[in-house]
Amino acid sequence: MAATEVTQRARRDELDREDEETTKRWKRGEYAPDAAVVFLGWLSPEVFGPGKTVASNPLLHPVDPREGGLEDVRVLYGDYDGGGITAMAMKAGIIASASRDGIVRLTRRAEESDVLEERAVLPVGSIVSSVLLLDGGSVVTGTLDGKVRRWDLVADDDGDSAVVVKYEVGLELDLSAPVLCAAVDPDRRIIVAGTGWVEGAAGTAYVFNLEDGELLHRWTPHMSTRSVVIGHGQIVTGGIDGSLRALSLNSEGSGADAFTFSADTEAAHLEPWHSGPVVALAMREAGLLLSGALDGTIRVWDLEAEEDEDGVGGTGKALYALRGYKVWLGSVLTDGRRLLSDGCDDGVLMHDFSRHKEGS
């Protein structure tokens, strides 16, 4: 065996061991004590590195969103509206962000600059609760007027900063209730959307074919379905009442026809509940789920935990909770090693699970 091969295999083994140790620290709740806090303004999407802003554009959303908007955002934030942009996504150097003016703006970092330059504008016409960026350039939006849309790229800039990127609506679904959340599974080619309570009817969760919009399944997990994530063979939803439920996809392979739902398929409850609306969900490898609520709590769950002698686990076991925010929390993200969450008066808090606590 060549020396290069031996070195590469040794490095892979080392990385595997590091991943295993990081997963163990996630499950034990052990993270570096010097978590970084970065304070951001609420009008501007910003890309930041350790301790500094890499790129921003304070002119993208120039109107104070708390001055009013197209719809009542209390369906999203209750009485704790911090005034920030309502949805953001980032993929392959492109950032999509939306405020209260019914417009999604796509930006990217200008070459050799710290400015986010605008590349495209999507005239959605309603407050955007969810924006998702897909491979190939398509964008999925969910809005408070009840619409889910897939916007397809029709004219790329090919790297020319002087050319404006153009999009057109390739798919539009009307759910007849405010869309509070959405998620996409690119392998199964599905969109999952959750709606809010309206006119005496509880909010509904839907699964659609990403290509043609065919309705594949619907259920009512909460009074209002505020957040959703897909992963580990499950669709997990978070409710405005603090509850979480997990629906098994019962799938094999890939594509929208690779799974089925029976008439008696029910979503399992995850306990304990949060004491505020569950506004953010994220998946991490090794069967871990992260949930964040407006009560300022982040909870880490093990979706693959086996049921113990007391009947705990099986569907999803709560491992621990992280607290310390003030009243508002908006997003929870992870790259596998670090946990990023916003809140704390427009701050972003980072917990690093790739390093030991001091003395551990």
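Colleague: Are Trp-26 and Phe-353 buried or exposed?
Modeller: This is a predicted model. Buried means under 20% relative accessible area. By that cut-off, both Trp-26 and Phe-353 are buried.

Colleague: How are the planes of Trp-26 and Phe-353 arranged in their aromatic pair?
Modeller: The ring centres lie 3.9 Å apart, with 15° between the planes. Planes under 30 degrees apart count as stacked. Therefore the pair of Trp-26 and Phe-353 is stacked.

Colleague: How many residues apart are Trp-26 and Phe-353?
Modeller: Trp-26 sits in helix 1 (residues 3-28). Phe-353 lies in the segment after strand 26 (347-352). The pair links distant parts of the chain, 327 residues apart.

Colleague: Which residue forms one aromatic cluster with Trp-26 and Phe-353?
Modeller: The whole structure holds 3 aromatic pairs. Trp-26 and Phe-353 make one of them. The residue that joins these two in one cluster is Tyr-31.

Colleague: Which strand gives the largest share of the largest nonpolar core?
Modeller: That core has 16 residues, with Val-128 and Val-131 among those with the most contacts inside it. Strands 4, 5, 6, 7 and 8 each supply at least two of its residues. The largest share, 3 residues, comes from strand 8.

Colleague: Which are the edge strands of the open sheet in the order 20-21-22-23?
Modeller: The sheet has 4 strands, and the pairing is antiparallel. An edge strand pairs on one side only. The edges are strand 20 (278-284) and strand 23 (317-322).

Colleague: What is the bridge partner of Ser-291 in strand 22?
Modeller: Strand 21 (residues 288-293) and strand 22 (residues 298-302) pair over 5 bridges, in the antiparallel sense. In strand 22, the partner of Ser-291 is Arg-299.

Conventions. Residues numbered from 1 in each chain as written. Predicted model: local features only at pLDDT ≥ 70, side-chain atom pairs only at ≥ 80, totals over all residues. Heavy atoms only, no water. Core = buried A, V, L, I, M, F, W, Y, C linked by side-chain atoms within 4.5 Å. Buried < 20%, exposed > 50% of the residue type's maximum accessible area, 1.4 Å probe, protein only. Pairing = 2+ DSSP bridges. Phe/Tyr/Trp six-rings, centres within 6.5 Å; stacked < 30°, edge-to-face > 60°.
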